[in-house]
Amino acid sequence: MTDADVFTYNGGRVDPGERQNIRFVVSETYLGDPVRIPVTIINGERPGPTAFLSAAAHGDELNGIEVVREVAHEWDLSDLAGTLICLPVLNVPGFLAQQRYLPVYDRDLNRSFPGSADSTSAKRMAARIYTNFIDPCDFGLDFHTSTRGRTNMIHARADMGDPDAARLARAYGTNVIIDSEGSSGMLRTEAVTDGIAAITVEMGEAHRFQRALIDEALSGVRSTFAEYGMLEAEQVRWPGWRTVITDEREKTWLRADGGGMVDMHFERGSLVHEGDTVCTITNPFKNDNVAIEAPFTGLLVGVLENPVVYPGNPLCHLVELDERTRRVVELDQSPSGTIG
Ligand SMILES: [Zn+2]
């Protein structure tokens with residue numbers, strides 16, 4: 001067995017068996033003060049892969065922050081093989097303002113990777129993060145939530161056409177994997193382009209710590225560490241059922257055709273059957289209610305939380321399941337555990 005490697009970044013080094021909590025400068029404020037992101041680097045005594053866990057690339061998406069902090073500071077990592085880079089808050093300016101985008105010209109940090117040292121402020125920040133902490137990695141998990149006002153069940157988004165990203169997504173072990181290459185500038189998309197297996201984990205709503213989802217997400221982290229041999233005591237999990245959503249036909253955002261207030265009849269993660277009334281759009285007088293029906297039988301991956309809509313606003317994200325998976329989900333969701 002070879003010896004574990006020293007981990008180096010711009011301004012420092014972390015030796016095998018060492019851990020560091022650092023505040024890493026990524027930009028400067030209007031007052032010339034440093035903008036610093038918290039980073040914890042844990043270099044195991046045993047050799048192994050280098051992995052990142054990142055959250056809050058969108059500054060108001062908080063669930064992942066707690067996932068990353070618990071792994072870094074509450075897990076026993078004394079037996080870790082490899083190096084773990086924990087980045088709980090990527091978008092510090094957005095986090096301080098509790099908003100999705102960087103407050104500087106409302107740039108999306110998660111469309112700015114891998115960044116550039118002599119470009120816009122967003123791309124300079126992205127480059128500082130990417131060069132030092134993403135580029136050295138073999139794989140990584142980037143945690144997000146639904147956009148403000150909506151919520152979604154925990155699921156992975158991954159480019160399943162990339163064998164390494166597909167391996168990571170399967171190892172993470174969610175019921176639902178949405179197959180997409182992602183957009184240019186996304187952390188996971190740019191990482192995969194550079195040969196680093198990376199997926200996005202979507203969970204819950206913005207502005208919250210949601211304990212059940214955080215626990216579920218932590219199980220996924222344990223499972224991936226088992227897959228890559230970083231923690232020998234752990235096992236890769238099988239979620240009971242799994243569906244990989246590949247084709248456009250199988251997923252749709254149901255949208256409001258009129259403005260109003262929405263009465264949602266199902267929770268995220270529910271199976272709805274074709275023709276079920278998923279929600280009702282009401283006016284101030286509660287007459288002329290508009291029932292929104294499921295166009296096909298499927299799973300509600302995401303639903304609206306803030307109940308007000310303009311025409312065209314999304315109501316819910318519905319994905320079709322293959323027949324076999326649908327039967328397993330039906331069994332899973334029936335109160336008695338059997339199909340009645
Ligand atoms: Zn996000």
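The following paragraphs lead through a predicted model, from its nonpolar cores to a helix, a sheet, a buried glutamate, the cysteines and some unusual backbone geometry.

The interior is a natural place to begin. The largest nonpolar core has 73 residues, and those that touch the most other members are Leu53, Leu84, Phe133, Phe143, Val221 and Phe225. Helix α3, which spans residues 121-134, supplies the largest share of this core, namely seven residues. A second core, separate from the largest one, has 18 residues, among them Ile281, Ile292, Leu300 and Val303. To see how one of the well-connected members of the largest core is surrounded, the reader may look at Leu84: once residues up to four places away in sequence are set aside, Leu84 touches Thr40, Ile41, Ile42, Ala51, Leu53, Val71, Leu77 and Phe225. Of these neighbours, Leu53 and Phe225 are themselves listed with Leu84 among the residues that touch the most other core members.

Helix α7 comes next. In this helix, formed by residues 323-333, the buried positions are Thr325, Arg326, Val329 and Glu330. Viewed down the axis of α7, the buried residues lie within an arc of 140°, and they therefore line one face of the helix. The background to such a pattern is that an α-helix has 3.6 residues a turn, so residues three or four places apart point the same way. The elements that cover the buried residues of α7 include the strands β11 (243-245), β14 (271-272) and β17 (298-304). At its N-terminal end, α7 is capped by Asp322, from which a side-chain oxygen lies 3.2 Å from the backbone nitrogen of Arg324.

One of the covering strands can be followed further, since Thr243 is found in β11. Thr243 counts as buried, with a relative accessibility of 5%, and, apart from its neighbours within four places in sequence, it is in contact with Asn175, Val176, Ile177, Leu321, Asp322 and Thr325. Thr243 thus touches both the capping residue Asp322 and Thr325, one of the buried residues of α7.

Among the strands there is an open sheet of four, arranged in the order β16-β15-β13-β18 and paired in the antiparallel sense. Its edges are formed by β16 (290-293) and β18 (308-309); each of these has a single partner strand, so one side of each has no neighbour in the sheet. The partner of β18 is β13, made up of residues 260-264, and the two strands pair in the antiparallel sense over two bridges. In one of the bridges between them, Gly260 is matched with Val309 of β18.

The loop between β5 (46-55) and α1 (63-73) holds Glu61. Is this acidic residue buried or exposed? Glu61 is buried, with a relative accessible area of 2%. Beyond its neighbours within four places in sequence, Glu61 is in contact with Ala56, Arg100, His144, Thr145 and Ser146. With two of these residues the contacts include polar ones between side chains: Glu61 pairs with Arg100 at 3.0 Å, and Glu61 also pairs with His144 at 3.0 Å.

Ala56, another of the residues in contact with Glu61, lies in the loop between β5 and α1. Although Ala56 is not a glycine, its phi is positive, at about 55°, and the residue is buried, with 0% relative accessibility. Asp106 also has a positive phi without being a glycine, with a value near 50°. Asp106 is placed in the loop between α2 and α3 and, at 51% relative accessibility, counts as exposed. Glu61 and Asp106 are 45 residues apart along the chain, and their C-alpha atoms are separated by 16 Å. The loop between α2 (92-97) and α3 also contains Pro114, which is joined to Phe113 by a cis peptide bond with omega of about 0°.

The cysteines remain to be considered, and the count of disulfides comes to zero. Cys137 is in no disulfide, and the cysteine sulfur nearest to it, that of Cys86, is 10 Å away; Cys137 counts as buried, at 5% relative accessibility. For Cys279, the closest cysteine sulfur belongs to Cys316 and is 5.9 Å away, which is too far for a bond, because a disulfide is taken here to need sulfur atoms within 2.5 Å. Cys279 is buried as well, with a relative accessible area of 0%.

How values were computed. Residues numbered from 1 in each chain as written. Predicted model: local features only at pLDDT ≥ 70, side-chain atom pairs only at ≥ 80, totals over all residues. Heavy atoms only, no water. Core = buried A, V, L, I, M, F, W, Y, C linked by side-chain atoms within 4.5 Å. Buried < 20%, exposed > 50% of the residue type's maximum accessible area, 1.4 Å probe, protein only. Contact = heavy atoms within 4.5 Å. Arc of directions from axis to C-beta. Polar contact = N/O pair within 3.5 Å; in protein donor to acceptor, adjacent residues only side chain to side chain. Pairing = 2+ DSSP bridges.
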